[in-house]
Amino acid sequence: MSTSGTRRGVTHCLLAAVLFGVSAPAASRLAHDLGAFGLAGLLYLGAALATAPITIRTPPTGAALRRGGRRLAIAVVLGGAVGPVLLAAGLRRTSAGSASLLLNLELVFTTLVAGLLLREHIGRRLATGTALVALAGGVLAWSPGDVSVRWGALLVAGACLAWAFDNTATAALDELLPAHITFVKGVLAGGCNLLLGMALGEQFGTRTVLWALVIGAFGYGASITLWVSGARDLGAARGQLVFATAPFIGAIVAWTIFGEAASWREVIALGVAAAGVSVVNRTGHEHVH
């Protein structure tokens, strides 16, 4: 691999991590102005807009859609509809920093789902790293006397569980490009969630809607496209190692750019989760969002 290819790959994967990492604290700024269904729908419709040019230029074949139909349906329902709604609801009840760090639980649940359902080998190092990330999530969820924070953490954890099944289903979708999957998620799941939000009487301000579409376009659509581009230069495992910085970038953005005060629980969870992700990545385990 050339030096320029390595640099390009690292740059693309790091940009992908930054965009996805920033999306959680950025979306949290809209969580109180939009309902959970409306925010989730707009984020994924934004992702569909970002991936539309690739999908139009290189459309999936009918045969590919038929072969991957069942797995794609799981990705749309759990990854595009259920997960984003749970995250949007969780963002209303917990801080942006905590929500960002809790997104590390996606790694935990993906490991468990892959091990239990696909019988993938989970070695001692992978199990240790996963346990550390789970412990960090427990630290963030522990909030005596504040039921709202606990519910917020559980909702974000639920989103990570939904995305874990999504990851497992799409891991074998070699027939479709990541842009195809994101586009279908955005159009079908995002559109349905938006319609549900309207039916439930959720309010949609023009400026808020535009910001949600922009966050979705960059935080989900462009992020996935950049990661795939970078992984082609670095390889999937090394590309994921760079992308694993996303939750930590989100927490730092929440504490600095958005001016949130970092609680002692968040600082402890940051250190524990970082140690866990580091251990997991040393196993060479591949995980694609």
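## Nonpolar surface patch

In this predicted model, six side chains build a nonpolar patch on the surface: Ile74, Leu112, Leu116, Leu117, Leu161 and Phe165. The area of the patch is about 520 Å². Two elements each give two or more residues to the patch, namely helix 6 (105-117) and helix 8 (147-170). Helix 6 supplies the largest share, with 3 residues.

Leu161 is one of the residues in the patch, and its place in the chain is helix 8. The relative accessibility of Leu161 is 35%. Buried residues have under 20% relative accessible area and exposed ones over 50%, so Leu161 counts as partly exposed.

## Packing against helix 9

Helix 9 (residues 178-199) packs with helix 4 (residues 69-91). The angle between helix 4 and helix 9 is about 55°, and their axes are 9 Å apart. An angle that is neither under 35 degrees, nor over 145, nor from 65 to 115 counts as oblique; helix 4 and helix 9 are therefore oblique to each other. The crossing of helix 4 and helix 9 is right-handed.

Helix 9 also packs with helix 2 (residues 36-57), here at an angle of about 150° and with the axes 7 Å apart. Angles over 145 degrees count as roughly antiparallel, so helix 2 is roughly antiparallel to helix 9. Helix 2 and helix 9 make a left-handed crossing.

## Salt bridges around Glu175

The structure contains 3 salt bridges. One of them pairs Arg67 with Glu175, and the closest N and O atoms of this pair are 4.0 Å apart. Arg67 belongs to helix 3 (residues 62-67), while Glu175 sits in the loop between helix 8 and helix 9. The bridge links distant parts of the chain, as the two residues are 108 residues apart. Arg67 is exposed because its relative accessible area is 52%, and exposed means over 50%. Glu175 has a relative accessible area of 27% and is partly exposed.

Glu175 forms a salt bridge with Arg71 as well, with 3.4 Å between the closest N and O atoms. Arg71 is in helix 4 and Glu175 in the loop between helix 8 and helix 9, so this pair ties together parts that are 104 residues apart in sequence. The relative accessibility of Arg71 is 26%, and Arg71 therefore counts as partly exposed.

## The Asp166 and Lys185 pair

Another salt bridge joins Asp166 to Lys185, where the closest N and O atoms are 2.6 Å apart. Asp166 is in helix 8 and Lys185 in helix 9, so the bridge connects distant parts of the chain, 19 residues apart. Are these two partners buried or exposed? Asp166 is buried, because its relative accessible area is 2%. Lys185 is buried too, with a relative accessible area of 8%.

Salt bridges with shared partners bring Arg67, Arg71 and Glu175 together in one network. Within this network, Arg67 comes from helix 3 and Arg71 from helix 4.

Key. Residues are numbered from 1 along each chain as its sequence is written. This is a predicted model: local features need pLDDT of at least 70, side-chain atom pairs count only at pLDDT 80 or more; totals for chains, interfaces and linings use all residues. Side-chain values use heavy atoms; hydrogens and water are left out. Patches are made of residues with over 30% relative accessible area and no salt bridge: like charges are joined within 9 Å, nonpolar side chains (Val, Leu, Ile, Met, Phe, Trp, Tyr) within 5 Å. Accessible areas come from the Shrake-Rupley method with a 1.4 Å probe; for residues, only the protein chains shown count as cover. Helices (H or I, at least four residues) and strands (E, at least two) are DSSP runs, numbered from the N terminus. Buried means under 20% relative accessible area, exposed over 50%, partly exposed in between (1.4 Å probe, protein chains only). Axes are lines fitted to C-alpha atoms, for helices over the stretch in contact, and angles run from 0 to 180 degrees between N-to-C directions. A crossing is left-handed if the near helix is turned anticlockwise from the far one by less than a right angle, and right-handed if clockwise.
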